[in-house]
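Me: I am new to this structure and would like to learn how its features are read. Could you take me through them in turn?

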Amino acid sequence: MSEKKKEIIRSLKFLMFSVSAGVIQIVSFTLLNEICHLWYWVSYLFSLILSVLWNFTLNRKFTFHSASNVPVAMLKVALFYIVFTPVSTWWTAVLTGENFLWNEYVVLVLTMITNFVTEYLYDRFVVFRGNIDNDK
């Protein structure tokens, strides 16, 4: 199979698993935000962690087929989220705050799309670089 075709399939798998992670994030966020009435950032952070763990596990195994050192790969993902989480929490607070009054679910979806694109690029070219398709 050509490299281009493999990369398209890899991208589609990442999309599918990211959508499933997005469902986990939205459902858990909604439960925590609407039913438990937690602060927005607590609901966001907890739902983000759940979706990241789900997404990392499935993409490492089925998208990137990586047999790389799991703790090292997870540390690299954690480094991504050490930057992404505070930045996205900040822009969420600003956009949903009294100056902009954006709907919190619109901001959540836009943040998830940003996360999807940046995480794919980071996973592909940083986390699993040199360790793709080595689990066979």
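**A residue, a pocket and a pair of helices**

Me: Leaving aside neighbours within four places in sequence, which residues is R124 in contact with?

Reply: Contact means heavy atoms within 4.5 Å. With those neighbours set aside, R124 touches E7, R10, F64, R129 and I132. This is a predicted model, in which local features need pLDDT of at least 70 and side-chain atom pairs pLDDT 80 or more, while totals for chains, interfaces and linings use all residues. Residues are numbered from 1 along each chain as its sequence is written, and side-chain values use heavy atoms, without hydrogens and water.

Me: Where is R124 placed, and is R124 buried or exposed?

Reply: R124 belongs to helix α4, a helix being a DSSP run (H or I, at least four residues) numbered from the N terminus. R124 counts as buried because its relative accessible area is 19%, below the limit of 20% (exposed is over 50%).

Me: Which residues lie nearest the centre of the largest pocket?

Reply: A pocket is an open set of points on a 1 Å grid over the protein atoms alone, where a 1.4 Å probe fits, with protein on both sides within 12 Å along at least five of seven lines; lining residues have an atom within 4 Å of a point. Here 16 residues form the lining, and S18, V19, G22, M112 and F116 are nearest the centre. Two or more lining residues come from each of α1 (3–35), α2 (40–63) and α4 (104–127). The most come from α1, with six.

Me: Which residues make the contact of α2 with α4?

Reply: Helix α2 passes α4 in a right-handed crossing (the near helix is turned clockwise from the far one by less than a right angle). Y40, Y44, L48 and N55 of α2 meet E104, L108, T111, N115 and E119 of α4.

Conventions
Buried < 20%, exposed > 50% of the residue type's maximum accessible area, 1.4 Å probe, protein only.
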